[in-house]
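Biologist: Hi! Could you walk me through this model? I'd like to start with how you decide what is inside and what is outside.

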Amino acid sequence: MMLTPWRDYGYYAHNVLGKGQQATVYRAFRLHNGMPAQDTGHVALKVFKPRAADAGTVESKALELVQAEPHDNIVKCLDCQMGHDKRVYVTMPLAEGGSVADLVSRAAGGRLAEEEARPLFRQLLAALLHCHQHGVAHMDVKPAVRYLTC
């Protein structure tokens with residue numbers, strides 16, 4: 001198990017949940033006085049690469065949107081910090097349900113029934129509309145990066 005300290009930001013990262021061009025997402029837990037906090041479970045810690053955190057980028061705008069405008073179909077931002085290393089650290093609830101790609105791969109024949117896919121697609125469209133209404137164009141919409149909360 002990989003343990004990466006981000007003591008300056010109050011987290012320890014266990015393992016990589018996903019990695020993209022702009023950021024890496026870790027399963028992490030919160031620290032209290034340098035020790036694991038007893039009252040908190042795991043969170044998702046998204047660490048943006050330094051160039052992805054530059055002002056004016058899509059990622060910066062998305063971070064502003066997540067912090068300012070809650071939406072039922074967009075994960076809530078619990079904490080967001082700009083590090084002295086020019087990385088942006090975003091903490092979110094850990095979506096234990098896996099990705100939409102995981103759900104599809106577990107389905108019979110590797111396909112979701114229309115009755116199961118339709119509500120997921122509507123939720124995705126509602127989230128994208130919300131982003132677009134706030135000037136954010138999501139550049140990485142695919143089943144592997146859409147997560148389920150249940």
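Modeller: Happy to! A residue counts as buried when its relative accessible area is under 20%, and as exposed when that value is over 50%. Please keep in mind that this is a predicted model.

Biologist: Good. Is T91 buried or exposed, then?

Modeller: T91 has a relative accessible area of 2%, so T91 is buried, as the cut-off is under 20%.

Biologist: Where does T91 lie?

Modeller: T91 is part of strand 7.

Biologist: And which side chain does the side chain of T91 make a polar contact with?

Modeller: That partner is Y11, and the side-chain to side-chain distance is 3.1 Å. Setting aside neighbours within four places in sequence, T91 also touches V43, A44 and L45, along with K76, C77, L78 and D79.

Biologist: Nice. Let's zoom out. How many helices and strands does the chain have?

Modeller: There are three helices and seven strands. In sequence order they run β-β-β-β-β-α-β-β-α-α.

Biologist: What share of the residues counts as buried?

Modeller: That's 33% of the chain's 150 residues. As for the surface, the chain exposes about 9600 Å², with carbon and sulfur atoms supplying 54% of that.

Biologist: And the contacts with a separation of 6 or more: what part of them comes from residues 24 or more positions apart?

Modeller: Those pairs account for 48% of them.

Biologist: Now the core, please. Which residues make up the largest nonpolar core?

Modeller: It has nine: A23, V25, A44, F48, C77, V88, V90, M92 and L94. Strand 3 (23-32), strand 5 (42-48) and strand 7 (88-93) each provide at least two of them.

Biologist: Which strand gives the most to this core?

Modeller: Strand 7, with three residues. There is also another core, lying apart from this one, with eight residues that include Y26, L45, V47 and Y89.

Biologist: Back to L94 for a second. What is L94 in contact with, leaving aside neighbours within four places in sequence?

Modeller: The list is L17, R27, H42, V43 and A44.

Biologist: Switching to cysteines: how many disulfides does a search of the whole structure find?

Modeller: Zero. C77 is buried at 13% relative accessible area, and C131 counts as buried too, at 10%.

Biologist: What about aromatics? How many aromatic pairs turn up in the whole structure?

Modeller: One. Y12 and F29 are stacked, with 6.0 Å from centre to centre and 20° between the planes.

Biologist: Where do Y12 and F29 sit along the chain?

Modeller: Y12 belongs to strand 2 (residues 11-19) and F29 to strand 3, so to speak two distant parts of the chain, 17 residues apart. Both Y12 and F29 are buried.

Biologist: Last one, something from a helix. Is R122 buried or exposed?

Modeller: R122 is exposed, with a relative accessible area of 57%. You'll find R122 in helix 3 (residues 114-133).

Biologist: And how far apart are R122 and N73 in sequence and in space?

Modeller: They are 49 residues apart in sequence, and their C-alpha atoms are 9.7 Å apart in space.

Biologist: Great, thanks for the tour!

Methods. Residues are numbered from 1 along each chain as its sequence is written. This is a predicted model: local features need pLDDT of at least 70, side-chain atom pairs count only at pLDDT 80 or more; totals for chains, interfaces and linings use all residues. Side-chain values use heavy atoms; hydrogens and water are left out. A nonpolar core is a set of buried Ala, Val, Leu, Ile, Met, Phe, Trp, Tyr and Cys residues joined through side-chain atoms within 4.5 Å. Buried means under 20% relative accessible area, exposed over 50%, partly exposed in between (1.4 Å probe, protein chains only). Helices (H or I, at least four residues) and strands (E, at least two) are DSSP runs, numbered from the N terminus. Contact means heavy atoms within 4.5 Å. A polar contact is a pair of N or O atoms within 3.5 Å; within protein, one must be able to donate a hydrogen and the other to accept it, and residues adjacent in sequence count only if both atoms are side-chain atoms. Accessible areas come from the Shrake-Rupley method with a 1.4 Å probe; for residues, only the protein chains shown count as cover. A disulfide is a pair of cysteine sulfur atoms within 2.5 Å. Rings of Phe, Tyr and Trp (its six-membered ring) pair if their centres lie within 6.5 Å; planes under 30 degrees apart count as stacked, over 60 as edge-to-face and the rest as tilted.
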